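Reader: I would like a close look at a single part of this model, the open sheet and how its strands are arranged, and after that a word on the interior.

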Amino acid sequence: MKETKAPLYANIAYASDVIRLAQNENPYGVSPKVIEAIHKNMNSVSLYPEVVLTELKNNLAELNQVSSELITVSAGSCSMIELLTFRLVKEGENIVIPEITFIAFKLCADIHQREYRLAKMENYAISLKNILAQCDNKTRLIFLANPNNPTGTIFTHNEIIEFLKQVPKETYVVLDEAYFEYVDNKDYPDYQTIIKQFDNVIILRSFSKIYGMAGLRVGYCIAKKSVVEDIDKNRIPFTITTLSNYAALEAIKDTDHVNFCVARNAEGRELLVNGLTKLGYNVIPSQSNFVYIYFSSSEERDVLYNKLFENKIIVRKMETFGDGNSLRISIGKTEENQKIMECLLK
């Protein structure tokens, strides 16, 4: 199989015999109710979509037990990250992010020509102490993915509370929780407590992962009213398509599908972490829908990458994330996870 290059990552064609485990996509796809909603509303694609998205905001407010005034919707988390960078960081100010984390944080800073500072990791986990050490009186945004993409690690509720107490009120802390549904650690931060206690916290959520809607581009943030109002007033309209809106409305209703995906992911995660560890690989315990493996060199990493690639299993090299000696493997369906282990046992 030939590898083809695309911006930021190697993207393999959607061939039926290729196992795509590079993009952290939900292998079980969307809820059947989402498919039904898309088919039902196909004739509406000739009409402009809603701008305010009142029904979706209200439903998300109910889901998250907050006021709808604290929610705004975007075309995926990446769009919201770009909007926050654009609106909250002025020329001469800076952004602080972990050294190995979601590439959109760096990308959006570069697009808007804003300085970003990298904080060293500790054992492939975000160090909140090192984040603070990089901040100064010109720091306006701190981006923290929790679970962190690509390492799958988390910081706990008590850790983030103590961290937030030390962050100046004029510095916004963005907690990107795109993968939070997959977490089973009981010490994971309670966002409701956090947003009530700290006005400078912004929570990001995504429909791309647990809801399986990566191709439809829907995300949202929970923030104080003034931030939401500023974002809504200073962006172009019609960024959420009509079908994406209908799909999101149905996705959040189908809790059975969400619970199914969470359960299957936990099983696959355990299989891969335990299996790869027994084979001698350096695997970071994950709280997400992927596992992270680090190596002593890129050559050693490529041995595993190439072996999987030859068996039409596509995983992700981590250069663009900040680590040239590691791989991230998305958790697939049961048979896909088993195929990984079978390939490596040959």
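Author: Asn-282 stands opposite Tyr-294 in β12, where a strand is a DSSP run of E of at least two residues, numbered from the N terminus. β12 covers residues 290–294 and runs antiparallel to β11, to which three bridges join it; two strands count as paired if DSSP finds at least two bridges between them. This is a predicted model, in which local features need pLDDT of at least 70, side-chain atom pairs count only at pLDDT 80 or more, and totals for chains, interfaces and linings use all residues. Residues are numbered from 1 along each chain as its sequence is written, and side-chain values use heavy atoms, with hydrogens and water left out.

The open sheet to which this pair belongs has four strands in the order β11-β12-β15-β14, with antiparallel pairing. Because β11 (282–284) and β14 (316–317) stand at the edges with a single partner strand each, one side of each is left without a neighbour in the sheet.

As for the interior, the largest nonpolar core, a set of buried (under 20% relative accessible area, 1.4 Å probe, protein chains only) Ala, Val, Leu, Ile, Met, Phe, Trp, Tyr and Cys residues joined through side-chain atoms within 4.5 Å, has 83 residues, of which Leu-84, Leu-144, Phe-163, Ile-202 and Phe-207 touch the most other members. A second, separate core of 25 residues includes Ile-314, Val-315, Leu-327 and Leu-344.

Note on methods: Buried means under 20% relative accessible area, exposed over 50%, partly exposed in between (1.4 Å probe, protein chains only).
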